[in-house]
Amino acid sequence: MFRYIVKRILLVIPTLLGAAVLVFLLLRMIPGDICELKLAGTGGYFDKEALAICQKELGLGRPLLVQFFEWIWGVMRFDFGVSMWTNRPIIEEIGLRFQLSLEIALLATFSATLIAISLGVTSAIKQDTWIDYLVRLFSIAGIAMPSFWLGILIILGLLISTQAWFGEPWMMPIEYTPIWVDPIANLSQVIWPALATGYRYSAVATRMTRSAMLEVLREDYIRTARAKGLLEKVIINRHALKNALLPVITVIGIEFAFLMGGLVVTEQVFNLNGLGKLFVGSVSNNDYTMTQALVMLVALIFVATNLVVDILYAWLDPRIRYN
Amino acid sequence: MSAKIKRQMLFIFCGGGKILDSLLEIDNLRTQFFTSGGTVMAVDGVSYDVQEGETVAVVGESGCGKSVTALSIMRLIPDPPGKTVGGRIRFMGKDLLSLDDESMRQIRGRNIAMVFQEPMTSLNPVLTIGRQISETLETHLGISEEEQQKRAEELLDMVGIADGKRRLKQYPHHLSGGMRQRVMIALALACEPKLIIADEPTTALDVTIQAQILELMKDLTHRLGVALIVITHNLGVVARYANKVNVMYAGKIVEKGTAHQVYYNPRHPYTLGLLSSVPRMDQARGQKLVPIFGQPPDLTRLGVECAFRPRCRFAIDRCSREIPPLENFADGQQAACWRMHEIDDLKKETL
């Protein structure tokens, strides 16, 4: 088990290196230049000399290889440099937003997993009863509804209902408060986007749990467990669920990593200053350093989640440890 | 061997076991599957008894309802689509079909245990062997963890698995098919049940392992006085291990008797066909095997005729008009054939 984990961790290095090369080259293949954007922003006409100065300042004129190794050397020391656009340290810029995105992702994952496993299992056990139909309706609706649209509905619902009940409309705070400063203010902001994204998330995972459970419940070893006279709850929890969890964990892992970097529209709807928004901004500004840092972060998150999923796999299924 | 003869004598003296209170009495059991293609009469009026400590074989080809009968006794027929629609199953004086689910659960694994056909898929791949044995002990006997561990080691030793302590910590994928079937037998014996139902316990195993497993089951059931229903399509198994035999065809018992009667003096053309389609040590070398031609009938469309008629060499007009009932031929032997008294002559004619 230990060897397996070490091997998996070592595999992270080439993956990240590959991501680094790709993002570095692809960014520089996009036409346009951050200095042109910066200068043209003020009026459309810019001085050739100013452009040259700007490019020299940012070090864009040097050979690609030099730029690349300089950047990689920085990354290895966790020094991502400053944003080409704002000139502020990247660690600081990302740190501000990372907290918020992580909190939403964790909250959504936690609630979605709880909902998905309990609903999925119930639905599988009660296959083709009204409970099953209800759960399937719930999850189909969740998959069909984009989370940003659900977000808009939530905001409107909050405004209208508070207006009706308390006389004045209430809106979630826009300023981010860390959870350790004021948990109530924090949650009253973060819970809504978590709900909007978590619903879709739980719907996907519920369907996965249900179908995995249905498959496992038909296995021979479940019949053996029944023939042994075990209690039904032992059969479900110990014998069936442990086998059915594998595909569910995969889905949960992928969705979590996606939430960490891909919540662009939902963040827009809730007016949140998260990683997604920063990502879009830096790409459209040709902010090389910021985009590279963000891609590396998201790649790291994906790789780390995959690692956790694989370790969980090996823990759940003893056959995997030896493959 | 003497124990077997004694049991057979007792059986014959008691008039087919009716005077003794049987361990298990199945009476006119009917189990059906309701599918979109129609109602499958998987088990259609099956009756047989099992006495304490006795080995009963149920023989027949695939899809004749052998396994469904066994699962009906355990009440493990998946519902839907299956349902036991009629009949009675009495076990140790209790009517199993009218028990509530909880009482039935307490009988499973405790009083009636089962060994399945596929040792490769019948054990849970993500639980250790030890856990899978101890959970049965935990559920039914409520003994402490140390005692469970001790008993589990003892059971593995009993089924011939050496180094039990280490094996208990292993997972099913560490064991070979034969070993897994031994574990299944250990599982079945765990709570010292009165009856074990073995559903084709050796079909999935190598021939050399088959004999080992069968010897083991025979030895253990005799030693512990456990009754055994062994479901098989292997007539060699029947001749060697069973006291009584029930031959099933298309959901019905077509012939029953002692192993000796059925093996040496079959009365039903189907039994005869089964026997002549496998090689026997007591036959001359070079004698040709005679297969049973055709296919088993569609169990959704059984008409008012003998189900075996389309494949029967000796069929007469009456066979297509009336279903022959199971009737006494000799002491303890019954067959469902209009021509069961002429079989010997018919057999000679065709040879």
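In chain B of this predicted model, the loop that runs between β4 (82-91) and β5 (94-95) holds B:Met92, a residue whose phi is near 45° and thus positive although the residue is not a glycine. Most residues other than glycine have a negative phi, which is the background against which such a value can be read. B:Met92 is partly exposed, because its relative accessible area of 42% falls between the limits of 20% for buried and 50% for exposed.

A second positive phi in chain B belongs to B:Glu200, which is likewise not a glycine and has a value of about 45°. This residue sits in the loop that links β7 (195-199) to α9 (207-224) of chain B. Is B:Glu200 buried or exposed? With a relative accessible area of 7%, B:Glu200 is buried, since buried means under 20%.

Turning to chain A, the reader meets 13 helices and 0 strands, so that the pattern read along the sequence is α-α-α-α-α-α-α-α-α-α-α-α-α, helices being taken as DSSP runs. The C-alpha atoms of chain A fill a box of roughly 85 × 65 × 35 Å along the principal axes, and 44% of its 323 residues are buried. Of the contacts in chain A with a separation of 6 or more, 71% are made by residues 24 or more positions apart. The accessible surface of chain A comes to about 17200 Å², with 70% of it belonging to carbon and sulfur atoms. Among its side chains, 26 are positive and 24 are negative, and the centres of these two sets lie 13 Å apart.

Within chain A, helix α5 (residues 90-125) contains A:Glu93, which is buried because its relative accessible area is 5%. What does A:Glu93 touch, once residues up to four places away in sequence are set aside? Its partners are A:Thr86, A:Arg88, A:Leu278 and A:Met290. The C-alpha atoms of A:Glu93 and A:Val82 are separated by 9.2 Å, the two residues being 11 apart along the chain.

The last step is the meeting of the two chains, where 20 residues from chain A and 30 residues from chain B take part in the contact. The size of an interface is often given as the accessible area lost when the parts come together. Between chain A and chain B about 2100 Å² is buried, with carbon and sulfur atoms giving 58% of that area. Across this interface there are 2 salt bridges, and one of the salt bridges here pairs A:Arg238 with B:Glu135, whose closest N and O atoms are 2.6 Å apart.

Definitions and conventions
Residues numbered from 1 in each chain as written. Chains lettered and ligands numbered in written order. Predicted model: local features only at pLDDT ≥ 70, side-chain atom pairs only at ≥ 80, totals over all residues. Heavy atoms only, no water. Helix = DSSP H or I, 4+ residues; strand = E, 2+ residues; numbered from the N terminus. Buried < 20%, exposed > 50% of the residue type's maximum accessible area, 1.4 Å probe, protein only. Contact = heavy atoms within 4.5 Å. Areas by Shrake-Rupley, 256 points an atom, 1.4 Å probe, with all protein chains shown as cover. Lys, Arg positive; Asp, Glu negative; His and termini not counted. Charge placed at Lys NZ, Arg CZ, Asp CG, Glu CD. Buried area = accessible area lost by both parts, 1.4 Å probe. Salt bridge = Lys/Arg side-chain N within 4 Å of Asp/Glu carboxyl O.
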